There are 2 protein chains.
Amino acid sequence: MTIKDIAKETGYSIGTVSRVLNNHPNVSEKARKTIMEAVDRHGFILNVSAKNLKTVQSENIIIVVKGTFNELFPVMVQRIQMYFRETRYTLITEYVDEEADEVTRARQVCLEKKAIGLLILGGNKENFKKGFDRIKIPAVLVTNHAGDWGFENLSSVSTDDTEGARKAVEFLLENGHRNVALLGGTVGSDTSTQRRLGWEKAQEDFGIKKEDFGPQVGGRYSFEAGYEAMKKLLKGDKKITGVFALADVMAIGAISAISDAGLSVPEDISVIGYDGIPIGAYFCPKLTTIRQSIDRICDRSCEILIDRLENEGKTRHEFIPFTLDERQSVKKI
Amino acid sequence: MTIKDIAKETGYSIGTVSRVLNNHPNVSEKARKTIMEAVDRHGFILNVSAKNLKTVQSENIIIVVKGTFNELFPVMVQRIQMYFRETRYTLITEYVDEEADEVTRARQVCLEKKAIGLLILGGNKENFKKGFDRIKIPAVLVTNHAGDWGFENLSSVSTDDTEGARKAVEFLLENGHRNVALLGGTVGSDTSTQRRLGWEKAQEDFGIKKEDFGPQVGGRYSFEAGYEAMKKLLKGDKKITGVFALADVMAIGAISAISDAGLSVPEDISVIGYDGIPIGAYFCPKLTTIRQSIDRICDRSCEILIDRLENEGKTRHEFIPFTLDERQSVKKI
DNA sequence: AAATTATATTGAAACGTTTCCAAACCTATG
DNA sequence: CATAGGTTTGGAAACGTTTCAATATAATTT
């Protein structure tokens, strides 16, 4: 069943059928009705390949997701999928490993799939510097701020990680904690860097000298890494009363480790997380955390991309406000 | 940059270039080398639209995901994405709402995208009965057993939900619990039905009469629903010592509710879950649960689909073994 | 060296659309 | 009633591939 068959059946030319299908003006009401009727009757569907062959452009948008152990990203991908479900675009998901170069991979996939737009979940600046200028299509960096990266076709939507982290640590400090450990972070991850910076700033604001900063233990954003990092921290000699985990999943891992060590949260140690994943509200104790509006981040990213695609909107670099969700895992001392 | 340019540049015909690109036999070493060299030099990429136009078939596989509040599915989707990353296929994800008819939607998308294979995450039998026979391409039902549904082109990979649930409830019964509540389930969900059946069987095996079965409260698989359902249960008059939650997320919601009610798990009430989501191992108390090998379910689903696509393998209906992960949320009484 | 066979290459049609130009058809105006 | 202007339609080229029949070239056999 092709456009040609419809043409033959209705007695119109294929040109006319095509025009009807594409809502072109200059086609009579009568023709439109006859043709649409035939189309519906046969459940005819346009051959996208043939269409793209002519129009060159596809309607593919690629989302490149970096890092595969994250609990947050799959949910964000889902949200973004749902967003595009309502549009005429096709979203193609491409996962890349933590260590891989997401920009090179993105470029490759974009060429293969003839993508017209690009979303990147969790990229890092180093890789962008190396290769982003060769990506010609509009792109949005989701979750990372790229305001000062200086790329022409790149937008970004994120929370202000430094401020968020600062707020988290300040909250701990206001509650009397003085030795606030930092849990998590991997080299080359921009979110880690930003959040660590916030941790430092907050301590400086409270007049803590650099040599008196709490201890740090790195690790990727996962339950397991949080658990292990906390175990290491508990073995350390410094007495810790507060922990700032760079991600909720780490916070949860950490609480689990604390509890396995026979201590309790928040009685012995207070823990604050970052992200605002749903489980946090049901965890025992309920997790105090900096909540990013991931739904809004996702939606806004999609909006910006589509605006640029369809209305030639400018690139933007937006911060979505975060909130401190005060629950049970932090205690005043 | 098209195949034609490559042809012109190397002096060969476009036919020859095409054959080189497709690894056809009957092309000289010399031609192959010259052409590949030019291809690499220009970073030439075949136009998929043009290719598909001729070959008719795409290499698209659709995954239809039913239900959007689930914590398990996004992770499974990710796993499946990763699987297909290594293949020549393109996976297109399509989410449908809990109430929607996944089969009709699947058919529609398959036509639009000219898909050659289909994966369905969380379908139900009623919808299949209505419309699956009109789907002509190989499909695999992931997570539900369809052995007796009688569809020609449908495979399925799942755990034996009835047996898993029975095992869970037996475990509670063996630990001395006699009034085991059932938490969760929505009408029309096949997994719920199967698991409820297991709950009934286990009680029968222990000689409990139907009128003495524990109470049931329904709800979708989410933290929140688990929380609410448990709250309702706690208000009931029957004294409950054990709870079987149809999904880990519900179990976690339930534990949270129990704890908010001033009781504790497992001291006052034992809870067992189903699924084996990662957080379970880090929750406090650590969640005892029936763990499905979701990775293996995913991988096996993909394998079966591809086997059918490429080697005309038969349809299969496989059970992947589950395990009882005994942790801390169940106590002997 | 000629005849036969196997291998390598070419040329052209076909896939299902879109789009542009020209032709045909209206309708209103002078 | 002829003409202009606008609207509607048809026809054909073009998009970048694959594929197949036909041809050219090389290898093998006699």
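User: How many residues does helix α9 of chain A have, and what span does the helix reach from its first C-alpha to its last?
Analyst: This is a predicted model. In it, helix α9 of chain A covers residues 190–205, which is 16 residues. At 1.5 Å a residue, 22 Å is expected. The helix comes close to that, with a reach of 22 Å.

User: Which elements of chain A do the buried residues of α9(A) pack against?
Analyst: The buried residues of α9(A) include D190(A), R195(A), R196(A), W199(A) and A202(A). Two helices and three strands of chain A take up the packing: α7 (125–131), α8 (161–174), β6 (180–183), β8 (242–245) and β9 (270–275).

User: Which residue just after α9(A) takes a positive phi?
Analyst: Look just past the end of α9(A). A phi of about 75° is found there. The residue is G207(A).

User: Is T288(A) buried or exposed?
Analyst: T288(A) sits in strand β10 of chain A, residues 288–292. Its contacts beyond four places in sequence include I272(A), D325(A), R327(A) and V330(A). A residue needs 20 or more C-beta neighbours within 10 Å to qualify as buried. T288(A) has 25 inside 10 Å, so T288(A) counts as buried.

User: How far apart in space are T288(A) and V157(A)?
Analyst: Along the sequence, 131 residues separate T288(A) and V157(A). C-alpha to C-alpha, the separation is 24 Å.

User: Why does C110(B) count as buried?
Analyst: C110(B) lies in helix α6 of chain B, residues 102–113. Leaving out residues up to four places away, C110(B) touches I62(B), A115(B), L118(B), I135(B) and I137(B). The cut-off for buried is 20 or more C-beta neighbours within 10 Å. C110(B) counts as buried because its C-beta neighbours inside 10 Å number 23.

User: What distance separates the C-alpha atoms of C110(B) and N60(B)?
Analyst: These two residues are 50 apart along the chain. Their C-alpha atoms are separated by 8.6 Å.

User: Which helix gives the largest share of the side of chain A that touches chain B?
Analyst: The contact draws 31 residues from chain A and 31 residues from chain B. On the chain A side, α4, α5 (72–85), β2 (90–96), α6 (102–113), α10 (223–235) and α11 (248–260) each supply at least two residues. By class, that side has 19 nonpolar, 10 polar and 2 charged residues. The largest share, 7 residues, comes from α5(A).

User: What kind of axis relates the two copies?
Analyst: Chain A superposes on chain B after a rotation of 180° with 0.0 Å of shift along the axis, at an RMSD of 0.1 Å. The copies are therefore related as by a two-fold rotation axis.

User: Which residue of chain A comes closest to the rotation axis?
Analyst: The copies meet through the same surface, because 100% of the interface residues of chain A are also interface residues in chain B. The closest C-alpha of chain A lies 2.1 Å from the axis. That residue is S49(A).

User: Which residues come nearest to DNA strand C?
Analyst: Helices of both chains contribute to this surface, including α1 (3–10) of chain A and α3 (29–42) of chain B. By class, the surface has 11 nonpolar, 11 polar and 6 charged residues. Of the 28 residues around strand C, the nearest are I3(A), S18(A), N47(A), A50(A) and G15(B).

User: Which residues are closest to DNA strand D?
Analyst: Near strand D, at least two residues each come from α2, α3 (29–42) and α4 of chain A and from α1 (3–10), α2 and α4 of chain B. Around this strand there are 28 residues. The closest are G15(A), I3(B), S18(B), N47(B) and A50(B).

Note on methods:
Residues numbered from 1 in each chain as written. Chains lettered and ligands numbered in written order. Predicted model: local features only at pLDDT ≥ 70, side-chain atom pairs only at ≥ 80, totals over all residues. Helix = DSSP H or I, 4+ residues; strand = E, 2+ residues; numbered from the N terminus. Buried ≥ 20, exposed ≤ 12 C-beta atoms within 10 Å, placed from the backbone. Contact = placed C-beta atoms within 7 Å. Near = placed C-beta within 6 Å. Nonpolar A, V, L, I, M, F, W, Y, C, P; charged D, E, K, R; others polar. Least-squares fit on C-alpha atoms with pLDDT ≥ 70 in both. Expected span 1.5 Å × (residues − 1).
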